[in-house]
Structure formats: C-alpha cells, structure tokens
Amino acid sequence: MNAIPPLPEYVARGAERVSRAIEQARSLAEVAARQAEALKPKPPRTPAAFAFLGRGPLSLMRDAMEYAVDASQRGVLFWDTMRRAGNAFVEHEKAGCPPVLFFEWEMLVDGRTLSRPCNYALVAIRPPAGYPATNPAMRPFVIIDPRAGHGAGIGGFKSDSQVGVALRRGHPVYFVIFFKDPEPGQTILDITAAERTFLRKVHELHPKAQKPVVIGNCQGGWAVMMLGASDPELTGPLVLNGAPLSYWAGEKGRNPMRYMGGLAGGSWPAAMLADLGNGKFDGANLVLNFEALSPGNTWWRKYWALYEQADTEPERFLEFEKWWGGYFLMNRDEIRWIVENLFIGDRFARGEISAGPNARGGTTFNMRAIKSPIVVFASAGDNITPPGQALRWIADVYRDEKEIRRLGQTIVYLVHDDIGHLGIFVSGKVANREHTEIANTLDMIEAVAPGLYEMRITDTEGSGLNTGYQVELVSRSIADILALSGEAENEAFPAVAKIAAANQTVYDLVVGPILRQMTTERTAELRRQLHPLRARRYLVSDLNPFMAPFAAAAERVKAGRATASPGNPYLDAERAMAERVGDAIDTWRDWRDAWTEAAFHAVYGGLSAWGMAAATPEDEVVETADMLADAPEVRTALANVAVGGYAEAVIRMMILMARARGAVRRTRLARSQALLTGEAPFAEMTAAARQALIREQTLVVDLAPEEAIATLPTLLPTEAERRRALQTVEDVAGPEDELGDDALAMLQRVRAALR
C-alpha cells in the first residue's frame, strides 16, 4: 500500500483534531449547562424573625431566659461529648486501632506470619448470646472491609449489620481485618495472595458447605473481584457494596471526586506524601478527601446535630467517631498501585493489571474469568462511589447481556434511591432491608439462570419468606447499565493517564530522591500527629487541660437539666440560623465542584483534542464476538439441543418461562430452589453439575430458541414424562393469573409442543 503524501496526512490529522476539539467543546458546554441548572438560587427560607411574631415583650423575656439556660447547658453537654470522643480517639490510638467489630472474634490466620507477609488477618466471628448457633454445613460468609484510610469493622459495626444478618441466619461468618501498620515491603498482590490463603482456610473448616459468599465493602469490593479473578474456584457468590470499579464513570454536573486525580496532576502527590511519611502513606489524607466532598456535613451539620440534640445524640456520635477517627497507613508501593491502576488508570475493567506469577485466572486480573454470581449494591445518594463507578465495569467487561448469559455468568444489581456511602455499611435500616434481602436471595442464587438482573425490593406485600418485602429480579440489558453509569468514555480521562505518567516520571527522577533523603521516621511521625484530623481530636481530649472541667460540669447539667419548651421562638430562630449556615456551605461546595469540573474538561479536553488520548482499537470487540461464538461450550450446547431427558427439559422450560416473563419474583426462585435441591433427579446432582446444566440450557435458549421448543418432545418421549415435566414447571411458575401475557403465551407454546 502506497504511503500517504505529507499534505493529505496533515489535512487528515488536522480534521481529526478539529473533530476532537468540537467534541470536547460540546462536552464542556454540556457541563456548563448542567452546572448552571444545579447552581440556580434556591427558594429563600422563612426569615428567623418570623418566629417572634405575635409574642409580647414579657413572653419574649421569659422565652429568652429559658432558651439561655437550655443553650448553655447544651453547650456544656456538647463539649463534654467532644472531650469523650477525643479521649476515645487517644485510647484507640494507644491500643493500636483494633477492629471496631461489635462481635467477639477469634484470629485464625495472621497474614504477618505468611511467606509473603502482610498486615491482614482472618478472624472467626462468635455469635453473641441470643443468636442461633452457626451451622458448619451452611455456606460461610467472608467479609472484607475497606482499607481506605480507616480501620476494619464497618461491616460488623453494630448488631444490625452484614455480620448480624448472616449470624441470625445461622451462617458461619469470617471477617478479614487489618492492622494499622503495613508489613515492610508488602504489596497489593501480597494481600491478594493472603486472602486466597484465608479462603482456603475457610474451605478446610467447612468441607461439606457450598463455596463461601465473599462480601467486599467499598475498596474491599475491588479486592474481592481481584480474588475471584485470580482464583475463580475459591469463591462462591461475590457481593460488592458501594465498590468503585470504574473510576472514570459518572454524571456530568455530579460526582466531582473522579476529577481530583487529574487536577492534582496524577499520582505524584500520593507518592510525595508517602515519601514525607518515610515510605508510609497516611490514610488520614484519604479521609480528608472524603470529608471535603460534603463540607456542610463535615464542618457543620454533624456538630450542629450533636449540639441541638445534646441529650440524645452523644452515644450515636461517639459510636461512629470510634471508627471514623481511626487512621491506618499504607506502603508507598501500595498507594501508588491503587492510584495508578484504579483512580487514574482505570485499568481493572480493561484487564490491564498484572495478577502476578501465582494467579490461576491468567496473567492479568480478568473479570471475565470470574464464574461465581455477582451481586452489586450501589446508591444514587452515594457521592463517593456513585452508581456509575459501581456498575459501569459490567458494560466495559461484557459486550452485551447475551455475552453474560453465554459465559454462564449471573450479575444482579441493586440501586438504593438515596442512602449515602457510609449508610450502605452502617445503617440499621439498610442492614434489615437490603442486606437481609441480598442474603435471602443468595440462598437461591443457584436457581437463577445466567444473565443480568436488577433486584427490586418493595414493601407492598410479603415475599413468602416472612421478611415483609417483595423481591423481584428483573432482566436488564447493557443499555440499562450505560444509562445508569453516565459518562465514561470521554477522551479527557485517557489524557489524564498520560499526563500523570509523565509527571510521575519527573517526580521519581527529581523530587522523590531528595525528599527521601530529608525524611526520617521521627519527622514522619511528627507530620502524622500534626495532621488536622488527628489534631482536632486530641486537642479536645483530656490531654488538653482546658477540657477537664467539662466532665464535672456535664454531670451537674444532667442533674439539673432544664430544656426549653418546643414552642420557644428562640429555638426556631436557632434552627433557622443553622439551616442558613449549612446552605451557605453547600452553595460554596456547589461552586467549587462546578469550577473543578469545568477546569478538568477545559484542561484535559483540550489536551485530548491535540492527540493526548490513546485510540481504542475497533477490531478487538469483533474478535471477541467471533471467539465467543466459536467457544467450545457454545458448540457443545448447540450440538446437544436434542440430547438429554427430564432434567434438561424441565430446566429449559423454566428458562423459557423466565425469559418470556422478563422478571422473576423470589417466591418463584424459592420454588425453583426447592425443586433443584429437594426432588429427583436434581437433588442427586452436585451443585456444580446443576449449575453446568443451567448454563448449558441457557445457551440453548439464547442461541436457538425455536429449536429449543421444537426438540422438547425428543427430550420427553413418553406421555408420562411430558405430564410430569409440565406439572413441575407449572408448579414452579405459580397460578396462571399471575404469569402475565408473555409468560402465559410461552406456557401455551410449550404445552402445544408436548401434545
């Protein structure tokens, strides 16, 4: 092929750059439009002065005196609670920041003693009094908490938690904890290797149980996915709660955290902070970033709530502060791996992260290697891991929903309407509703045909499992995931990765060596102790002599507490003032986020227009599709359309019915599970054999639906077998008036085929 002459080549490149510039300008205009809508002035609140209307001078004086006593007493109680929180922080630090688990535990495997040591450990949770004894034959639950600045324990922080839900159902529960200081030289791959060892230990303890459910909270979610991808045979169902796996995804006008890495210039600030920490990155810096997302709550509302409700709020405040105030460390290599591979590079979904030499799933962490069912729990109210970051990986890994089915994978996602990030883990209401229903569904996950589903939980009627909720799995498509995940393919993000790599190289060659020579462990520890998140806690502890009088003063206040009457106008004025302060901080936050997003798109959008973003190969998807169509399991399934008997026919008919219905209530799943585990010939099969049968029949229905129906008589040659199979399927499907038109039409087709 002849070379392109220089002039046409320049013209083609120029046209491409103009096209990119137009696209980025359009993107920036869309950002501006959405931010303009978000920054519209909010309706004014009722002026505080209105609270005093209609009151006489004497009444106002009495109210003022009453309010003054109440406000001053609340002030004493507030500062005493802050003192107690400071003392709890100091004691927690002295104790080495142990896990904040509500439940007693016993250590089984200490990762610090492994051949590749790391600061992780596996512990067994002991059921407290009043809980049922654990059944070793039931599927174990293994919970991995996030190591993202804080310590371990958020998944078992209170009785109504992920741990509590599993224990009340009789499941053995194990927790992966971690210690404050990392082991020298430990890496993320060392942690993954340790977690594989932990799972092998669980398998040893429960040889007759099904493979364990592995739950990952936030950062623990991508750790769970790495575990499942590196050794697929070790894990049972995977549950990802608020777990970020696609860091570039999000909505324009929202989710500003994904822009911070780019505006900081990449991973070099994290490397610099680790170097200033003598090779250790202080997790308090991550927590500071989280708090900055919602400054109104961080700086005002949570303290205002404590002051306003000084009689009832302290215990809840102290309980949460115990976990929120514990800060953990990472090695330099760990934080760089996280930032470069996940925050900046977004490499996990693309299968570009090396899995190390001992992984069984391949040389890289490939999510397609995961064979266990996956449940994803996200929330529209989560500004740390918005739904896009929790769900977009599905669209990045799988071409479409048909590919999910053909690979035999089952993915279920659940999106809460408004709960915040921390509420996903610590809210008692969420534990008793969403986490309980997820656990109930996991018991029947084997009966779910491969595919992509949305879990819907409603309170309108019972689910048949005495939970008070109706649960339904609704069949979904990749288009639904794309609609939820927002922007993820803007070329500004690949430009960030390139600039970040260049900046990191400069830092490693010029700045890093100097800082490492200047830093000692003593200066590093001094910096950690002076961190504002630590300082603001120990400064209000008993280490500060000015705080000591509040203990005795609080006792006197409690003995003579005089609260203001609910109708006191000064309370109304106080509340109105507090709302205005919170609104003002929120307005500042909204403007800050708007400028952050606009600056990101202006800078990196402009760079990508000049060719900084790498092109995505187009032929890779076609090649993947061709390889999938020619996969051995696909060829085998199509060759066996007319091969089998009663078991194949029943499973096939149930999948046809489910596909026609488009959704499956958990009551039907319960009947399916009862059939698969309690009736012949299914009960005699192993769980793996049942899953293989369901996968094969899913492929048959997906690739040859007409032939799947036409060959049913071949699978059921006798009249008795046909009657038995039809009766079984009808029993699982339930009353005909509840089926819906499409499912009823499919049932009629099946009946007609078997006449």
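Leaving aside neighbours within four places in sequence, S672 contacts A447, M654 and V732. This residue sits in helix α25. S672 has a relative accessibility of 6%, under the 20% cut-off, and therefore counts as buried. The model is a predicted one.

The protein holds 30 helices and 13 strands. Of its 755 residues, 53% are buried. The accessible surface amounts to about 33000 Å², and carbon and sulfur atoms account for 58% of that area. Contacts were also sorted by sequence separation. Among those between residues at least 6 apart in sequence, 81% link residues at least 24 apart.

The largest nonpolar core comprises 179 residues. Within this core, W222, M225, F348, W393 and I394 touch the most other members. Helix α24, spanning residues 646-661, is the element that gives the most to the core, with eleven residues. A second core, separate from the largest, has 16 residues. Among its members are Y67, A85, W304 and L571. In soluble globular proteins, nonpolar side chains tend to be buried together.

F348 was examined for contacts beyond four places in sequence. Its partners are W222, M225, M226, L245, N341, L342, I353, F365 and M367. Two of these partners, W222 and M225, are listed with F348 among the core residues that touch the most other members. Two others, N341 and L342, are buried residues of helix α11. The buried set of α11 also includes E334, I335, R336, W337, I338, V339 and I344. Charged residues thus appear in that buried set, including E334 and R336. After α11 comes D346, which has a positive phi, near 50°.

The largest cavity has a volume of about 410 Å³. It is one of seven cavities of 30 Å³ or more. Its lining consists of 28 residues. Nearest the centre of this cavity lie A449, M654, I655, A658 and V664. M654 is also a contact partner of S672. Helix α24 provides the largest share of the lining, seven residues. The elements that each supply at least two lining residues are β11 (451-458), β12 (470-475), α24, β13 (663-665), α25 (666-678) and α29 (719-733). Helix α25, the site of S672, is thus among the elements that line the largest cavity. By residue class, the lining of this cavity contains 20 nonpolar, four polar and four charged residues.

The second largest cavity has a volume of about 100 Å³. It is lined by 16 residues, and those closest to its centre are Y120, I191, Q219, W222 and A223. W222 thus lines this cavity and is also a member of the largest nonpolar core. Helix α5 gives the largest share of the lining of the second largest cavity, five residues. At least two residues each come from α4 (188-205), α5 and α11. The lining of the second largest cavity divides into nine nonpolar, three polar and four charged residues.

The second largest pocket encloses about 900 Å³ of space. It is lined by 38 residues, with M257, M260, L286, N289 and F343 closest to the centre. Two or more lining residues come from each of α5 (219-230), α6 (260-263), α7 (268-276), α8 (284-293), α11 (332-344) and α21 (569-609). Helix α8 gives the largest share, six residues. The lining of this pocket comprises 25 nonpolar, nine polar and four charged residues. Helices α5 and α11 contribute to the linings of both the second largest pocket and the second largest cavity.

T235 lies in the loop between α5 and β6 (238-241). Its relative accessibility is 1%, which is why T235 counts as buried. Not counting residues up to four places away in sequence, T235 touches L199, K211, P212, V214, L227, G228 and S372.

How values were computed: Residues numbered from 1 in each chain as written. Predicted model: local features only at pLDDT ≥ 70, side-chain atom pairs only at ≥ 80, totals over all residues. Heavy atoms only, no water. Core = buried A, V, L, I, M, F, W, Y, C linked by side-chain atoms within 4.5 Å. Buried < 20%, exposed > 50% of the residue type's maximum accessible area, 1.4 Å probe, protein only. Helix = DSSP H or I, 4+ residues; strand = E, 2+ residues; numbered from the N terminus. Contact = heavy atoms within 4.5 Å. 1 Å grid on protein atoms, 1.4 Å probe; cavity = no way out; pocket = protein on both sides within 12 Å on 5 of 7 lines; lining within 4 Å. Points joined across faces, edges and corners; volume = space filled by probe spheres on them. Areas by Shrake-Rupley, 256 points an atom, 1.4 Å probe, with all protein chains shown as cover.
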